[in-house]
Amino acid sequence: MTKNPFTRVLTWLVVLIAFLIVMGTLAFDFALMLTFPHLARNFDPLNPVLALGPTVVILTVVLALTFSWLNKKITYLTKGIDQVAAGNFATHLDEQKGGPLSASYQNFNQMTDQLAKTATLRNDFINQFSHEFRTPIASIQGFADLMQERELPKKERQAYLALISKEAHRLTNLSTNVLTLTTLESQTILNNQPSFDLTEQVRQAVILLWPQLEEHKLNVNLTLAPATAFGNADLLNQVWVNLINNAIKFTPDGGHLTIKIERHDDQIAVSVNNDGPLISPTDQDHLFEKFYQANNRSNVGGLGLGLGLAIASRIIALHQGRITVVSNPADHTTFTVYLPSKGSAK
C-alpha cells in the first residue's frame, strides 16, 4: 500500500520543527555567550524565554519557504487534475519534481494512461459499432427501396429478400452480443450448476457448424474423451460455437481443424486448433478484451465487434475456469478451455 503523501509531508514538518527548535536554541545561546561573555557564568543555555525569539523567527522563515515549495507541488498536481477534468487524458506530471508527492504524481500518471486507453477503446468501439450497424441497415434499406421502385423477376426478388434477411440476422447478432456481454459483466456467480454431457455438447456444436465446415472443405479431426461438465449448458454452448466458428473463419479453404476433449485429475481441457494465420504475441495479450480485434488475422474471414472471445472468457470465468491461446509455427493456433471436473458446490 502506498503511504499517504500528506502524512509523509506532515512527518517531515514535525521533524523539521523539532530540529529547528533545538538548533535555533543552541545557535542563539552560542551567539549570546560569544557576544556577552560576562553573562556566561549565570546563563542558562536551555532558557526557553531567551531561545524563543530567534527560534520563532527562524522557524517562521523556514516554514514559509517550506509551504511555498509544497504549494508549488500541490498546484502542479491540481493543474494536472483540472486538465484531466477538461478531457485531456494525455496529461503527465514530471515524477522527478514530485518530492514528497512523487507517489501521487506516479499514481496520477497511471490513472491518465488508463483513462487514455479507455477513451481510445471507447472511440474505436463507437466507430466500429456504428459502422457495423450502419452497413446492414444501409443494405436493408437499399434492397427494400429497389423492390419498391420497380418490378423484379421472381428470382431477383428472392435474392434481394435473402440478402435483407441475412443483414437483419446480422443486426440481431450484434445487438444480442452487446446485451449478452453487458449481462455477463454484471453477473458474479452462477446460482445453479447442474451436470451435463460435455462431450455430446461439443459434438452437437460441430454438427451445428458442419455446413460451414463443408463449404470451406476443412479437414476435421475430433478426439473427444467422455466428460461431464457442471454449470450453465446454454452459456458454455456459446463458448464452443464461438471458438469453432472463429477457427472456421480464420482457416483457409482446405485447412485443418482439430477439436479435443481431454480429462485430467481435477479439470477438463477442451481445445480447438486450426492451421490458419498466426496471432502475434501482442494480440495474444489482448485477445480476450472486449472490442479488441487481432488485425493480423483480418485477411481471412470478416471481423465483428471483437465481442465473441470477450463473452467466451467471461462465461468461462463464471464457471471457475480459464481460457488460453497458443499461436506459433509449430503448434499453429490453439484455444484451450480449462474447466473444473467437479461442480463448485460439493
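Colleague: Is Arg134 buried or exposed?
Modeller: Arg134 has a relative accessible area of 52%. Buried means under 20%, exposed over 50% and partly exposed in between, with a 1.4 Å probe and protein chains only. Because its value is 52%, Arg134 counts as exposed.

Colleague: What pLDDT do local features need?
Modeller: Residues are numbered from 1 along each chain as its sequence is written, and side-chain values use heavy atoms, with hydrogens and water left out. This is a predicted model in which totals for chains, interfaces and linings use all residues, side-chain atom pairs count only at pLDDT 80 or more, and local features need a pLDDT of at least 70.

Colleague: How far apart in space are Arg134 and Leu171, C-alpha to C-alpha?
Modeller: Arg134 belongs to helix α3; helices (H or I, at least four residues) and strands (E, at least two) are DSSP runs, numbered from the N terminus. Along the sequence, Arg134 and Leu171 are 37 residues apart, while their C-alpha atoms are separated by 9.5 Å.

Colleague: How many aromatic pairs are there?
Modeller: Rings of Phe, Tyr and Trp (its six-membered ring) pair if their centres lie within 6.5 Å; planes under 30 degrees apart count as stacked, over 60 as edge-to-face and the rest as tilted. By this rule, the number of aromatic pairs is 3.

Colleague: What is the arrangement of the rings of Phe143 and Tyr160?
Modeller: Their centres are 5.1 Å apart and the planes differ by 35 degrees, which is a tilted pair. Phe143 is in helix α3 (residues 102-149) and Tyr160 in helix α4 (residues 154-186), so this pair links parts of the chain 17 residues apart. Phe143 is partly exposed at 21% relative accessibility, whereas Tyr160 is buried at 12%. The arrangement of the two rings is tilted.

Colleague: What kind of pair do Phe288 and Phe335 form?
Modeller: Phe288 and Phe335 have ring centres 6.2 Å apart and planes at 85 degrees, so the pair is edge-to-face. Phe288 lies in the loop between α8 (281-286) and α9 (308-318), and Phe335, 47 residues away, in strand β7 (residues 332-340). Phe335 is buried, at 7%. The kind of pair is edge-to-face.

Colleague: Which residue has its ring under the charged end of Arg322?
Modeller: A charge sits over a ring if NZ of Lys or CZ of Arg is within 6 Å of the ring centre and within 35 degrees of the ring normal. The charged end of Arg322 is 4.2 Å from the ring centre of Tyr338. Gln267, in strand β5 (residues 267-274), touches both residues (contact means heavy atoms within 4.5 Å), its contacts including Arg322 and Tyr338. The ring under Arg322 is that of Tyr338.

Colleague: Which residue forms a salt bridge with Glu200?
Modeller: A salt bridge is a side-chain nitrogen of Lys or Arg within 4 Å of a carboxyl oxygen of Asp or Glu, and the structure holds 1. Glu200 and its partner are 3 residues apart in helix α5 (residues 198-208), about one helical turn. Both are partly exposed, Glu200 at 30% and the partner at 33%. The closest N and O atoms are 2.8 Å apart, and the partner is Arg203.

Colleague: What arc do the buried residues of α5 cover?
Modeller: The buried residues of α5 are Leu198, Thr199, Gln201, Val202, Ala205 and Val206. They lie on the same side of α5 because their arc, taken from the directions from the helix axis to the C-beta atoms, is only 165 degrees.

Notes. Lists of a residue's contacts leave out its neighbours within four places in sequence.
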